[in-house]
Amino acid sequence: MTTSRATPHEKTEVVGCPQCDWVSRRVPLLTNEQSECPRCGYILEDGNNAGQYTLLAVAIAALVLLFASLSVDFIRYSAAGVEQSMTLMDAAWQLSYFHEKVLAVLVLLTVIIIPCIYLLCLIWVYSQLETSGPNRLNLYLLRTMEHLKPWLMTDIFLLGTLVALVKISSLAEVRLLEGFWGFSVFVVLLLFVYERAKRTPVWQYFSVMNRPDLSAQAGLTAGEQGLMTCTLCHALNSRDSRNCYQCTEPQKTSWWRKPGATLALITAGAIMLIPAHWLPVMETVRFGNDQPATIIGGVTELWQSGDKPIAIIVFVASLVIPVAKVLVLGVLLLLARWQTPAMVRNRLLLFKVTDWIGRWSMIDVFVVAILVALVRSGTVMSVYPGSAAVSFAAAVVLTMLAAMSFDTRLFWREADR
Ligand SMILES: [Zn+2]
Ligand SMILES: [Zn+2]
């Protein structure tokens with residue numbers, strides 16, 4: 001540990017950056033102010049918080065809307081005199097009916113169950129903000145919420161619904177029903193809660209352990225001072241502490257934040273992309289004719305039928321993004337050794353864009369889920385899931401995990417050598 005010149009007062013007023021490991025002084029914030037890490041620009045704190053009761057009210061409204069839209073019809077379609085409607089739950093049930101159980105579970109989790117758990121945790125924790133003292137359960141629920149965040153995919157499902165509608169609009173008449181509109185409002189409310197709750201640091205209300213007496217000093221990295229920055233709550237901990245003193249997150253889970261683990265996940269994701277594009281992603285039966293379609297086949301069909309904007313969206317989401325993500329993550333990881341401090345910001349930006357955009361690839365999986373649930377008129381017209389759908393979903397999940405395991409502190413470590 002380096003000798004510290006910090007006074008006891010300064011010791012408590014420093015904060016670590018989870019992105020670059022830099023320790024900086026904590027600044028008191030006014031509303032609409034943000035404090036950024038001076039080295040990498042990561043937003044450490046945001047003064048623009050929503051009030052506790054606003055968050056609670058919106059979260060409860062969102063939950064009610066979700067349950068309401070589950071109980072009514074989502075979309076109705078009619079073709080050749082046959083009318084069919086689907087509920088939101090059908091998007092998962094029909095997949096499992098055609099033995100795509102893994103895919104069914106994935107849709108159910110990312111669209112219904114995880115958002116539901118997230119909102120329930122939030123309502124429980126935020127309703128106790130003023131009444132509860134130190135509370136281990138609430139800390140556990142807050143940590144669960146943080147870990148669930150990347151897997152909330154309701155907005156992507158909504159875009160997937162629109163793409164699915166365009167795909168069949170030339171073959172059938174489609175009507176959006178109450179379930180769809182309810183779900184759309186639910187998505188907007190969930191996004192509001194997600195954005196605002198992200199900015200409200202509530203860890204300290206429930207913290208069960210005392211702040212350890214660490215001589216942390218601003219202007220150095222945490223690593224240089226024998227400390228570790230908690231990736232969840234940004235508190236500084238001693239390197240040999242088992243759990244974060246503030247949020248109780250285990251600190252030794254960094255085994256998977258190693259370049260080797262990231263590289264293994266990228267490779268696995270890249271391998272999964274091969275069957276995902278080689279095999280048919282869904283099969284359409286029309287008047288007894290079976291037409292298997294690959295992802296690219298679907299894009300070509302959309303393009304030829306004149307739906308060029310949708311064709312571009314599907315092409316970018318299902319081919320450009322997954323391939324670019326694998327390449328960018330691989331190159332950033334393998335070339336980390338060859339970089340100068342001047343390159344760090346650009347590489348970080350490239351990583352953040354890749355990370356943010358990657359989840360949108362799930363759109364193709366949702367399009368298949370919706371079409372399979374909606375178009376079920378036997379030999380007149382039916383859509384069945386193809387074997388590529390599950391490999392494609394696996395590729396998306398694996399590359400998302402790869403981005404999560406990517407340790408951005410590597411950029412600075414290598415540049416400073
Ligand atoms: Zn930073
Ligand atoms: Zn923590």
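# A tour from the first zinc site to the helices

Begin at the zinc ion named ligand 1, whose donors are spaced along the chain as C-x2-C-x16-C-x2-C. The model you are viewing is a predicted one. Select Cys17, Cys20, Cys37 and Cys40, and display their side chains: the SG atom of each coordinates the zinc ion (ligand 1), at 2.2 to 2.3 Å. The angles among the four donor atoms run from 103 to 113°, and the site of the zinc ion (ligand 1) is tetrahedral. Now keep two of these residues highlighted, cysteine 20 in the loop between β1 (14–16) and β2 (23–25), and cysteine 37 in the loop between β3 (34–36) and β4 (43–46); because of these positions, the pair ties together parts that are 17 residues apart in sequence. Are cysteine 20 and cysteine 37 buried or exposed? Both cysteine 20 and cysteine 37 are buried.

**The second zinc ion**

Next, select the zinc ion listed as ligand 2, together with Cys230, Cys233, Cys244 and Cys247, which coordinate the ion through their SG atoms at 2.2 to 2.3 Å. The four donor atoms subtend angles of 103 to 115° around the zinc ion (ligand 2), which makes the arrangement tetrahedral. Along the sequence, the donor residues of the zinc ion (ligand 2) have the spacing C-x2-C-x10-C-x2-C. Cysteine 230 is found in the loop between β8 (227–229) and β9 (236–238), while cysteine 244 is found in the loop between β9 and α9, so the pair ties together parts that are 14 residues apart in sequence. If you colour by accessibility, cysteine 230 is buried, with a relative accessible area of 0%, and cysteine 244 is buried, with a relative accessible area of 0%.

**The three-stranded sheet**

Move on to the open sheet of three strands, which has the order β6-β5-β7 and antiparallel pairing. Its edge strands, β6 (82–86) and β7 (173–176), each pair on one side only. On average, and with direction ignored, neighbouring strands of this sheet are turned by 15° against each other. Zoom in on strand β5 (residues 75–79) and β7, where the antiparallel pairing runs over four bridges. Which residue of β7 stands opposite serine 78? Select glutamate 173 to find that partner in β7. Then add helix α13, which packs on the sheet and touches β5 and β6, with a direction that makes about 135° with that of β6.

**The four-stranded sheet**

Keep α13 (residues 363–374) in view, since the next stop also involves this helix: α13 lies across β10 (282–286), β12 and β13, and runs at about 140° to β13. These strands belong to an open sheet of four, arranged in the order β11-β10-β13-β12 with antiparallel pairing. At the edges are β11 (289–293) and β12 (376–377), each of which pairs on one side only. Follow β12 to strand β13 (residues 381–385), where the two strands pair in the antiparallel sense over two bridges; the bridge partner of arginine 376 in β13 is serine 382. On the other side of the sheet order, β10 and β11 pair in the antiparallel sense over five bridges, and valine 285 has aspartate 290 in β11 as its bridge partner. Select the turn of the hairpin formed by β10 and β11, where two residues lie between the strands, and where phenylalanine 287 has a positive phi of about 50°.

**Helix α10 and its two faces**

Now select helix α10 (residues 295–304) and show the side chains of its buried residues, which are Ile295, Gly298, Val299 and Leu302. Viewed down the axis of α10, these buried residues fall within an arc of 100°, so they line one face of the helix. In general, residues three or four places apart in an α-helix point the same way, because there are 3.6 residues a turn. Turn the helix around, and the face away from the buried side carries the exposed residues Glu301 and Gln304. The buried residues of α10 pack against several elements, including α6 (154–169), α9 (259–278), β11 and α13. Following α10 comes glycine 306, whose phi is positive, near 95°.

**A last stop in a loop**

Finally, select glutamine 339, which lies in the loop between α11 and α12 (341–358). Glutamine 339 is buried, with a relative accessible area of 8%. Draw a distance from its C-alpha to that of phenylalanine 411: the two residues are 72 apart in sequence and 8.0 Å apart in space.

Key. Residues numbered from 1 in each chain as written. Chains lettered and ligands numbered in written order. Predicted model: local features only at pLDDT ≥ 70, side-chain atom pairs only at ≥ 80, totals over all residues. Heavy atoms only, no water. Pairing = 2+ DSSP bridges. Contact = heavy atoms within 4.5 Å. Axes fitted to C-alpha atoms, helices over the stretch in contact; angles between N-to-C directions. Buried < 20%, exposed > 50% of the residue type's maximum accessible area, 1.4 Å probe, protein only. Arc of directions from axis to C-beta. Donors = N, O, S within 2.8 Å, 3.2 Å for Na, K, Ca; no water. Tetrahedral: all angles 85-135°; square planar, octahedral: opposite > 155°, others 65-115°.
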